Amino acid sequence: MQELFTRSQRRMFSASDDSAMMKQVQATHAPDGREVDVTPILSIIEDIFRRATPSDIDGVLNGAREHMDALDDNISLDAFSGMLEALSYTIHKISCEISCKCSEGGDAHATTMALFNTLSGYSWDAKMVLSLAAFAVNYGEFWLGAQLCTNNSLAKSVAVLKQVSNVLEHYNALKPQFDALHNLVKVMLDLTKCIVEFKQLPSQYISTDAQAVSIAMAHIPAAAYWTFRSIVACYSQTLSLTGLRDAYTASTTEAWELSSLAHKVSSMLEHFKKLIAICYQQIDENRQIEAYHNLVRLLETIHLDNMKVLRALIYAKDDIQPLVDGFTKNRVNIDVLRKKHVLLLISSLDLSAEEILVLDQMYRDPKASEEYHYAIVWLPIVDRSIAWDDGYQQKFEQLQAMMPWYTVQHPTIIEPAVVKYIKEVWKFSKKAILVPVDPQGRILNQNAFHMLWIWKNLAFPFTAEREAALWKAESWRLELLVDGIDATILEWMKEERFVCLYGGEDIEWIRQFTNSAKAVARAAQINLGMAYVGKNNAKEKLGKISSIIIQENLSHTLADSTAVWFFWARLESMLYSKLQHGATVENDRILKEVTTVLSFDGSEQGWAIFWRGTTHEMARAKGKVATDCMVEFEKWKDDAYQNGFVPGLHNYLERVRTPDHCNRLILPGTHGPIPETVACADCGRVMEMFFLYRCCPE
């Protein structure tokens, strides 16, 4: 700021900012405990300044009449008429005191200090508002006469005596003064409003000992001084314009004085704005902490129904209909979920189309409505620190349009405390989770996606107990691996055919393996069905590979990319579900086999698993071993004829198995809790852990 002024001009400001001057100001402050509700007074002041400052001076001169509308709805004269009666004398006294001293050409600093003495018993914010109210009366009278003098005889006569009409006629010549006056009025009003904001900060969320509050309180006396000083300057300016003082000096000089004060007050305003912003941030943080703890307590409490819990998690107010019905696309209230089982689908805006399509199939299953009676609500979690733009809105609407279930009408209605709870307690990061809430508002599971993907709606009501019971009845079999993903494979199973599932992305290996396997099937005289199940997270490559497989008639493939995605999503769900129930590869056959298939996929080689119909017969291999055992069929054909094709293959693979191996298991860190240790499915030793950062736009 100092670079903008000369040395003499800088002295004008520094003289009143030194500690001696502040001690003088502080010495006048002797509050007597009276409380003044300054908000309605400030509203009237703001209304006066807004209406008094003409936006069209030509309209005033030509007699245009402003539309006479009532005060703003938030200003109710009846509500504080008694308070105004008590304060009107003080406001009038201040107005007269300033008017007299300015008319006499008194020292601005002395006049300012006289105001402090008059208002010694009031709080700092009340001092500023009352002095500003006194000036608003003067300022409003000046412009009221100016605006009415062209069409009201009484106003015209008064304007002639005050010489207001002459001033307006020379408005263009005096424009620098008017502009400077209007600008100073605006900034001292804004500074006063900012100081009032500090007084009204909620004490339950921010302490007076907070650093930003302490700094502000230390500077408020200076803010009050410069506001008073500016009021005195504005008084002097209006008096000079109405001719009640000696002829005014050159307009540029007076305009400079007002502009200098405006710059000073504006600099202080910016400082207080930064401090109030810090305060509001702290208040918001403390409110969110309180809201978070309230939410924790609420979710730990037993309820008669689910309404309190769902309102707290979705939208607690009653001012809008927060949900959109996916079928009708109409807005609805949360009451539509009363006493229902509700699945909260929680995700970012990166929710994949595959996840929505598979969930949609399960949601539309007739049994879901006839036997299970659950509703789904999508709660999209977005980063509040990133500005919401048209791109995000379009993405949200595209996902919303794909969903037949309930969705929130906009992501921003979800409270930050809820987002915090979802991330910290339910461990949501990026991967979607599905949280079941029963009709009594109890949270049954932190993520039901795993059991829903594995057993579909049979997992209802998606409790940990139901999950454990389903696992107890399970065994490692082909039907568990493929479930209802592919109708052709299910038909092969019913026919008790031999089935080979294989994967990978090396098309040359695929050609070699499928042709060798077909030759072995002919030689062994077995009915072999082969199905390509792809590779996890390789959507674009899989489309090309599947096309080649179909074109060259190498084997059957899963129907589409959604089926491939679901195959691998179910395997990952099996892994995480088993780990959550404390299973290990040493004591759990299903976990061991799931880990093996996922490690096959983590390698860069192809792999294959052979089954026989609905039996538990199975043999598996990867890479060169898988192709070699097909080529070397002569070495194990007798065992195959004697004990069966799959057992014979399994026995041969065990004979040629070497201790040398390198298994890689890639677990998506956003899908669930990463286990501290994972045992190798081949040798049982604890696998080394590495961090892998991968970007796969496809």
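Contact here means heavy atoms within 4.5 Å. The structure is a predicted model.

The protein chain has 698 residues, of which 50% are buried. Its secondary structure comprises 28 helices and eleven strands. Among contacts with a separation of 6 or more, 73% join residues 24 or more positions apart.

The largest nonpolar core holds 103 residues. Within this core, Leu-345 and Phe-513 touch the most other members. Helix α24, spanning residues 561-580, gives the most to the core, with ten residues. A second core of 79 residues is separate and includes Met-22, Ala-180, Ala-210 and Ala-224.

The surroundings of Leu-345 were examined beyond its neighbours within four places in sequence. Leu-345 is in contact there with Leu-351, Leu-359 and Leu-379, and also with Leu-434. Ile-376, Val-377 and Ile-433 contact Leu-345 as well. Aromatic partners are Trp-378, Trp-405 and Phe-449. Met-403 and Ala-432 complete the list.

Packing of two helices is described by the angle between their axes and the distance between the axes. Two partners of α24 were examined in these terms.

The first is helix α25, residues 589-602. The axes of α24 and α25 come within 10 Å and cross at roughly 135 degrees. An angle between 115 and 145 degrees counts as oblique, so α24 is oblique to α25. The crossing of α24 past α25 is left-handed. From α24, the contact draws on Trp-568, Leu-571, Glu-572, Met-574, Leu-575, Lys-578 and Leu-579. These residues meet Ile-590, Leu-591, Val-594, Thr-595, Val-597, Leu-598 and Asp-601 of α25. By class, ten residues in this contact are nonpolar, one is polar and three are charged.

The second partner is helix α14, residues 353-363. The axes of α14 and α24 also come within 10 Å, but cross at roughly 85 degrees. Angles of 65 to 115 degrees count as roughly perpendicular, and α14 and α24 are therefore roughly perpendicular to each other. On the α14 side, the contact is made by Glu-354, Glu-355, Leu-357, Val-358 and Met-362. Ser-561, Thr-562, Trp-565 and Phe-566 take part from α24. Five residues of this contact are nonpolar, two are polar and two are charged.

In summary, α24 gives the most residues to the largest core. Helix α24 lies oblique to α25 and roughly perpendicular to α14.

Technical notes:
Residues are numbered from 1 along each chain as its sequence is written. This is a predicted model: local features need pLDDT of at least 70, side-chain atom pairs count only at pLDDT 80 or more; totals for chains, interfaces and linings use all residues. Side-chain values use heavy atoms; hydrogens and water are left out. A nonpolar core is a set of buried Ala, Val, Leu, Ile, Met, Phe, Trp, Tyr and Cys residues joined through side-chain atoms within 4.5 Å. Buried means under 20% relative accessible area, exposed over 50%, partly exposed in between (1.4 Å probe, protein chains only). Helices (H or I, at least four residues) and strands (E, at least two) are DSSP runs, numbered from the N terminus. Axes are lines fitted to C-alpha atoms, for helices over the stretch in contact, and angles run from 0 to 180 degrees between N-to-C directions. Angles under 35 degrees count as roughly parallel, over 145 as roughly antiparallel, 65 to 115 as roughly perpendicular and the rest as oblique. A crossing is left-handed if the near helix is turned anticlockwise from the far one by less than a right angle, and right-handed if clockwise. Ala, Val, Leu, Ile, Met, Phe, Trp, Tyr, Cys and Pro count as nonpolar, Asp, Glu, Lys and Arg as charged, and the others, Gly among them, as polar.
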